[in-house]
Amino acid sequence: MAYIASIHKASSVRHALKARFLSPHEDSLIIAKSNRVEIYSFTSNAEEGISSLALGTTFTVFGQIAVLLTLRPENSPTDHLFIATEKYDYFTISWDQERQTIRNERLAKDISDRFLRNADHGAKYIADPRSRMLGLHIYQGIFTVIPLVHQPSKKGGKGAKAKALPPGESIGDMCEPSPIRLQELKVIDIVFLDAAEPTVAMLYEDGLDQINLRVYRVKSRGPRGALYRDAELEEVELGGYEAKKMDPFSKFIIPVPEEIGGMIILGEQTIAYVQPNGKLLKYPLVDPTVFSTWGKVNDTQFLLGDDYGKLYMLSFDIEKVGDKMNVDIKVKELGKISTPSRLVYLQDGYVYVGSHLGDSQLIHLDQYSDLEVVQTFSNLAPVIDFRILDMGYSGSEDHQQHLYSSGQTRIVSGSGAFHDGSLRSLRSGVSLEDLGILGEMAGIRGLWGLKTNPHSEYHDTLLVTFIDESRVFRFGPEGDVEELDSYGQFTLNEPVLTAANVSKGRLLQVTPSSATLIDSSGIAVAVWRPTGQNKINHASANEDYLLLATGGNNLVLLDLNASMSEVARRLFEQEIASLSIPAAPAKVCLMASWTTSTVSIMALPALTTILEENLGGVDGGAIPRSLFLGSILSGQAPTLLVAMGDGRLITYSLNEADYSLSQKKNIILGVQPVYLQPIPAADGLVHVFATCDHPSLIYGTEGRIVYSAVTVRGAEKATFVTPFNAEAFPQSVVAASEADLRITVVDPLRTTHIQTLKVGDVVRRVSHSKQHRVFGIVTIQLRVEEALGVERYPSFVRIVDDARFDIVDSYPLDDEEFVEAILCTKLENGDGSQSEKFVVGTGFHDKGSDEPKRGRILIFELGEERRLKLACKEEVHGSCKCLEMVGGHIVAALQKTVAVYTYHYPSSPSQPVLTKLHSYRAQSEPIDISVCENIIAVGDMMKGTSLLECDPATGKLSEVARNYQTQWLTSVALLDRETIVSADAEGNVIVQKWDTNGVTSEDRRRLSITGEVRIGEMVNRFRKVIDTHQLPEMPVLPRVYFGTVDGGIYLLGLISHTHTDLLMKLQANLARVLKGVGDLDFNRFRAFSSPERTGDEPFRFVDGDFVERFLELGEEAMREVVRPKDTTETEWLGDGWGVEEVRGLLENLRRLH
């Protein structure tokens, strides 16, 4: 059983349009990303010069979106959205303004036909500009018309009644599809023209590979007014349009509005304009290019984008001479943008550039056509390769796995293509954005923000404590900072346990030796000291009370309104581990014991015990280290947080009537002790900063508590924080790390934080050296030599600093040599020691050869200045597509074979060599390999996965098992010696098992499928989780990450046996309750699909993103999922699993990603 969930959702933009979808008076930008639709609003403030796109709403479609179109039915004030999927389902939706949600107009209809051949140039969906019909060309030789119901015209003159609609139909409905046979089989592009009758123009390729243009009218064969239900195509003869010979590389037709008429044909060398009378005008391009998309500005201007990231403006120059109109075309280059897949003109010169190969952009064109990038939208697509870095890695071998959502796992990907190529670093969590660094300070043990003027709303003093002293900093209203030698009668020659502004405008300071109350003039008005030789061990205060632990087991309560008079004292048998008193007015306080691992809730001011909660299941050093009680969720009961010494956080909901505890949850934040620091938020709520080896921010949103990692730019982690609302830095937080002190602001929205290094090449493969703290990347550059009219693709090996994220060194490869693989591994130095080196695989694409006949394996060393030095090279047959290590040997996937090499020094330490030990002949062509111990999984391009066993001593390879079915594989990974995950070109992910205990030898040699699911996005690369020493009680054990062509990064884990049945039932029950947009079926969406076979539902796979939508349901719907009505008990989730239990489980699973 496997579990998949998205870490970074697909960000590639292939479809975008402008429509009045949300409102009849305001345009919206609608974008499709994989199976997700996002709707943006555009705001422009000319006075302030601020313009931006803001995400308004988003929804998920149970299918990969193939097209977006807009329709405006006669009776609708807003546009409707037509969506078609890659499985040839189509439906229409509109926006329900009253309910502020999506409304289905036409439920999904499947028009697939497995007996027809798919269109050579992809499916084409087009809409008539006058909303009379839709046109579909998805199969060879078939053009399908879908008429829209219109109000029939009146007959009989004035006063006549309009013809009634057929029963069951209403205006705007979509009629049944009407297929029409086409004689053109290879249609390149097809569009509706703006004409009185529905007219289509198509570019097609004939049997002689010539590109032609043909135009048809759509006619109805039925009686007049039959709304094209029985349609046919009538070719437009001479006198209108006629077949024309086009540029041999023509790709797009642009319909020109009826006022001018005709159409524009975009080719690589010419732009042709076909006039309404059929006359053809050709305009040669100064520099040939490959156009990728176009967008309409107005009736006379069109934007053009090409594969090289250039933006052009095509304009009509119209001159009227009497009744005649002379038309000329001008094309002007405007500037560089991301390689566009869609261009959408918004308004006032603002254009949205949607990109599949780079970041999407909002740009502005002024009256002089100068181009300015106003807003950038990060896009990882395509994720060609990536690596996983554990930022919390301590160097020990027994460290636990850090989940991506903890913010400690860093994903570094090679993304984009050619001039949009980049290296991206991804971290998850909320961020502390630096406002300023106060200085380098090591050994900080606590921070407190104080107000010198008790009537001010701003902090102006920061108290910083160290192991044996304390320091005070004064903040001016302009942000200037000054360190003070003294601060009233504060004691600065010993550490501080707590400090605060309390009642009557006084300040409180508590040190191990005393508690001091100081008035606004800086004079101590009361001092309290523990008796005998006792020290103050712990302290917690609010405005009214000070709670102290002295001598280890004495609890003392002092009244701050009565000059710290002792109110109550209590002696405990066990040592006090931590204590806390909630914000005033408080009726209770908290105390945790050191030896019994209990938390006591005690009444104020008597200190009598109301409730004692045994934390349970805690041993060894798992001691409660920090406590908090307060309101995190709006309108809900207070939350009790107990931070443990083993990195866990235990949470409860507190009933204020009887102080009983409920809804206990265990959250794993790290592996080191956790300490809690409240940070005031809006509306009387509190955020809690949890500092440990992986700091987290705990806050409420959407009715639930979120535990989010905290990333600090320029610092690995924050060790202590305090709220600090300074006049110059309002609503800020002071954070201390192990090295410095900085003032920051918290952004509580958990996002993926992306750092970008623009490379300008295709980043083909990525590796990382921990020893040298660098990334090794191999890149392919596109160089266009316009004078010669040729493209060249030089390759490089580059070194990137992993902290500064800049290129340190580059090594150019030979002409016609393409890089394919890079590996960082420890190899011999010739003197008995080892160091990390980069192993690079290449292939030569010689002229006149369809595939590489030769290649090289190169081994690079890094010197003291981190410069690349070629240490060894070896010629190989064909290209080297992949590299791994097995048993100290290098294993390489070559053109037709898998070979094992050893790197050694036969004589002189300065002359290392690579020696081939053994090879294995692949079924067709190996494109990926993965290693676990001495087992090698070989991903064959056509035949799927084979398992090889390598003899570490000799390097001999022997096949032990393989897949016997055809599988067009793209990537493979070994989860363990017996479990393999692979992906194919259709977007399926398959888990297979090697049955080493099979009854027969055939059973032991055959890989059996244990799970399969359709992602819908082609997977480029699997990367295994860094470490698998994870906690056994985890319901899902993360095993691999994978990146896709559409820019998605996903986590795949194995479900524990105790949760398998539960999660499968949860997914099945939720699929019955949660209906998809357009009434699409979830099970069909996620079912395995290939040209050979199609499943009915995902097989032994759980879609994490889908089951986590349970948290969005209402209470009644949740109960229906847990215990469906009108079903047998076998479909219930089981005993002990109610709504609260399922909610808690899914909140924990959400933290995986």
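In what follows, contact means heavy atoms within 4.5 Å. This is a predicted model, where local features need pLDDT (the predictor's confidence in each residue, from 0 to 100) of at least 70, side-chain atom pairs count only at pLDDT 80 or more, and totals for chains, interfaces and linings use all residues. Residues are numbered from 1 along each chain as its sequence is written, and side-chain values use heavy atoms, with hydrogens and water left out.

Q: What share of the residues scores at least 70 in pLDDT?
A: The chain averages a pLDDT of 88. One stretch, residues 392-402, stays under 50, and there the model has 25 contacts beyond four places in sequence. Where pLDDT is low, the predicted coordinates shouldn't be read in detail. As for residues scoring at least 70, the share is 93%.

Q: What is the radius of gyration of the chain?
A: The chain has six helices and 86 strands (DSSP runs numbered from the N terminus: helices are H or I of at least four residues, strands E of at least two). Along the principal axes, its C-alpha atoms fill a box of roughly 110 × 95 × 70 Å. The globule rule (2.2 Å times the number of residues to the power 0.38, with the radius taken over C-alpha atoms) gives 32 Å for 1153 residues, and the chain comes close to that, so it is as compact as a globular protein of that length, with a radius of gyration of 34 Å.

Q: Which residues of α6 meet helix α2?
A: Helix α2 (residues 1057-1073) packs against α6 with axes 13 Å apart, at about 100° (axes are lines fitted to C-alpha atoms, for helices over the stretch in contact; angles run from 0 to 180 degrees between N-to-C directions). The two are therefore roughly perpendicular (65 to 115 degrees; under 35 is roughly parallel, over 145 roughly antiparallel, the rest oblique). The contact splits into seven nonpolar residues, one polar and no charged (nonpolar: Ala, Val, Leu, Ile, Met, Phe, Trp, Tyr, Cys and Pro; charged: Asp, Glu, Lys and Arg; polar: the others, Gly among them). H1059, L1062, L1063 and L1066 in α2 meet, in α6, V1142, L1145, L1146 and L1149.

Q: How many charged residues are in the contact of α5 with α6?
A: The axes of α5 (residues 1115-1122) and α6 (residues 1139-1150) come within 10 Å and cross at roughly 90°, which means α5 is roughly perpendicular to α6. E1115, M1118, R1119 and V1122 of α5 touch V1139, V1142 and R1143 of α6. That contact has four nonpolar residues and no polar ones, while the charged ones number three.

Q: Which strands stand at the edges of the sheet β61-β62-β65-β66?
A: This open sheet has four strands with antiparallel pairing (two strands pair if DSSP finds at least two bridges between them), and its twist averages 20° from one strand to the next. Inside it, β62 (residues 774-780) and β65 (residues 795-801) pair over seven bridges, with I780 partnered by S795. Two strands have a single partner each, so one side of each is left without a neighbour in the sheet: β61 and β66.

Q: Which residue of the β8 and β9 hairpin takes a positive phi?
A: Strands β8 (residues 89-96) and β9 (residues 101-110) pair in the antiparallel sense over seven bridges, and T92 stands opposite R106. Four residues sit between the strands, and the one with a positive phi, near 55°, is Q100.

Q: Which proline follows A584 through a cis peptide bond?
A: Another cis bond, with omega about 5°, joins L604 and P605, and P605 lies in the loop between β48 and β49. After A584, omega is near -5°. The proline there, in the loop between β46 and β47, is P585.
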